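Thanks for making time this morning. I would like to walk you through one structure, so please have a look at it before I begin.

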Amino acid sequence: MVLAEPVDAGDRLSRLLLGGREKDFFLHPDVPKQARTERLEGFVVKLGSCEGFCQEIIQAPVVCCQEFIDGSGHVVHPLAIMSAHAAGGQVTAVGRIGPRIGISMRRQKLGEGGGAVSALEIRGLTRLYRNGRGIRDVDLSVAEGEVFGFLGPNGAGKTTLIRTVMGFLTPQAGTIRVLGVDALAHNREMRKRVGYLPSDPALYDFLTGLQTIEFSLRVRGLADRGRVAELARRLDVDLDKRLKTLSRGSRQKVALVAALAHDPDLLILDEPTTGLDPLVQETFAELVREERSRGKTVFMSSHVLSEVESLCDRVAIIRDGRIVAVDTVAGLKRRRVKYVRVEFAETAPDLSTLLGIRDYQVEGNRVQFTWAGGLDPLVQALSGNNLVDLTVSDPPLEEVFRAFYGGGEA
Amino acid sequence: MKTLFWQYFRARLPGMLVWVGASVVLALVTAASAPAFVEGGSMSGLMKALPSSLQAMMGAPEGLSPLDGYVATQVTKNLAVVVVLYAVLLSLSIVSREVDLHTIDFLLALPTGRKNVLLSRVGVLLVNTAVQSLAIWAFLCADLSAMGLKGSFGGYGLVMFNVWLLAVAMGGTSLLASMWVDDYSLAVKLFLGLAAGSYVLEFVMRAAGVSRIGRFFSPFSYVDPVATLRMGRLGWVDVLVLVGVGLASLAASVRVFERKQITA
């Protein structure tokens, strides 16, 4: 997000942030004149149009404070935002706005000292197997209302982390807080508010889908199954059939309905779209977006980059059991690598020896390559070579991911 | 816990019906063969002619009526082992099977303690094996009675209660041991093999004339129908040992299960 015009604090906004219950607030653009950075921590922010009050031009929320502050840590004045559009849940373009653009904020629970409560807070988590694999010293923080992607290839430690959070595995070190609850000490309490979908979920074959879900709800002490029919309809799954007669994809859908049926505050999904056909994957994406718009938090592991790119507000990349990057998708793209195309008036000079260049290709007087790091050294190297054209673009997430796994530190 | 119990009871119901059905057939066959062994029957003389070691192995009892002696023999030989094998199989399905099939993930993601999960399933083990033992006793007595044979039917009930205690104790120890075996098919082979082995061992030791004290490590030695029928009550030592082993293994199982690492 491009940021501008730091402002100072304002009483109205402070009252809204500290006062009411969890709900959407709509602020006229001339109201939130001031706000302290720390007061915004953890809030879900939406851009909206004043015309028609809450008729939002951006449905997807901006998730974190850092999306809303500039490089020096100051809060950006909403009036500085002129045009914006949601792309995969991220605000990607901003500028100066007119009087018709406003902003709404969803207040989130505040912890001790007024800071926002994270939906998932992991500190120094280590869980190693006898073969030395597992997760090491993992730190993660997922804000409430955020869709958080957890990326990594098979064996990187995604499932180990999720199973440790769920209490299936005991960590050798570290702490886990889920929705403000110490998940290690009060795991049962935590599970009341969590919906979990394992990778390749196994359910009881002798039960029907509906019986499975009713069993889950009864154990939770819930009688209301109002969401179940609606979820089943949207996912197009017959809950009256015995699970042993269903395909793998249909079982996955039943497991997804079971994970959502009790309206959890935090959804933990381990590779949720495995086995789902593309149409259902789209429905799944809609469900996730809806959960987010209702203020729910989603933590999902995946190795499907396009899925993460389109759904997640932020992403963590895990490599050999260690978190190597946590950022927005856009942030990851920005900070890691760029695609560069250069055209020279004459024969292209040899740039392949520059530190930071990869995938170097030359076609006559045109050169293209992937560049890692800041652009200053590149611009300096290019200057004085009769440059005709220079294009620098963000790579797809696949390339970012490959960069993290291709070698070197993040 | 009630929900967990009924869910698991329902899961194991078809299996229970099969086992109870097979056990009832065995009980009826046992009863149908009784006339040949009682006084004056064709097998009675043959039994008496056997060497004492074989008589001991077969359980040829002294001081009991021929029918009680026959039933005591058959309980040791056939009926007890069926209940024990079922209990062992059930105990393996409590954790080992769920871990192997990964259904444990669904279960443990629910807001209920591992202890509740385990105890509800052990409850099903207790109920199902009790139903099996009760069915064996009821059909055995009913069939004998229908043939006009009169035995210590109340005593047979005590013997089957003793068998049930043995099944629970062996089920409990299998449950505890299965906490370290996540491969269900391997667990079945291993623990059914051990149960069958201990059954054979008991007969071998009896044939060899090993004393009761010498057979203290043999689980099947804690079911002594002859003594029960002779005294008209269960042996307190047998009951204490079986209940003690059952409770200790259950307590240990809960402790181990609560710390068990459920890997993917």
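I will go through salt bridges, then aromatic pairs, and then a helix and a surface patch. Please keep in mind that this is a predicted model.

Let me begin with the charged side chains, where the count comes to 25 salt bridges over all chains. In chain B, the side chains of Asp238(B) and Arg212(B) meet in a salt bridge at 2.3 Å, N to O. Asp238(B) belongs to helix α11 and Arg212(B) to the loop between α9 and α10 of chain B, so this pair ties together parts that are 26 residues apart in sequence. Asp238(B) is buried, with a relative accessible area of 6%, while Arg212(B), at 29%, is partly exposed.

In chain A, Lys296(A) and Asp263(A) form a salt bridge with an N to O distance of 3.5 Å. This pair links distant parts of the chain, with Lys296(A) in the loop between α8 and β13, Asp263(A) in the loop between α7 and β12, and the two positions 33 residues apart in sequence. Lys296(A) counts as buried because its relative accessibility is 10%, whereas Asp263(A), at 29%, counts as partly exposed. Both residues also belong to a network of salt bridges with shared partners, which takes in Arg193(A), Arg227(A), Asp265(A), Glu291(A) and Arg294(A) as well.

Turning to the aromatic rings, a search of the whole structure finds 16 pairs over all chains. In one of them, the ring centres of Phe150(A) and Phe299(A) are 5.4 Å apart and the planes lie at 35°, so the pair is tilted. Phe150(A) sits in strand β8 and Phe299(A) in strand β13 of chain A, 149 residues apart. Phe150(A) is buried at 0% relative accessibility, and Phe299(A) is buried at 1%. Phe216(B) and Phe217(B), by contrast, make an edge-to-face pair, with 5.5 Å from centre to centre and 90° between the planes. Here Phe216(B) counts as exposed at 55%, and Phe217(B) as partly exposed at 49%.

How many of the nine residues of helix α3 of chain A are buried? Eight are, so the helix is largely enclosed by the rest of the structure. The buried residues include Lys158(A) and Arg163(A). Just after α3(A), Gly167(A) adopts a positive phi of about 90°.

Finally, on the surface, Arg218(A), Arg242(A), Lys244(A) and Arg10(B) gather in a patch of positive charge. Arg10(B) lies in helix α1 of chain B and is partly exposed, at 38% relative accessibility.

Definitions and conventions. Residues numbered from 1 in each chain as written. Chains lettered and ligands numbered in written order. Predicted model: local features only at pLDDT ≥ 70, side-chain atom pairs only at ≥ 80, totals over all residues. Heavy atoms only, no water. Patch = residues over 30% accessible without salt bridge, like charges linked within 9 Å, V, L, I, M, F, W, Y side chains within 5 Å. Areas by Shrake-Rupley, 256 points an atom, 1.4 Å probe, with all protein chains shown as cover. Salt bridge = Lys/Arg side-chain N within 4 Å of Asp/Glu carboxyl O. Lys, Arg positive; Asp, Glu negative; His and termini not counted. Charge placed at Lys NZ, Arg CZ, Asp CG, Glu CD. Helix = DSSP H or I, 4+ residues; strand = E, 2+ residues; numbered from the N terminus. Buried < 20%, exposed > 50% of the residue type's maximum accessible area, 1.4 Å probe, protein only. Phe/Tyr/Trp six-rings, centres within 6.5 Å; stacked < 30°, edge-to-face > 60°.
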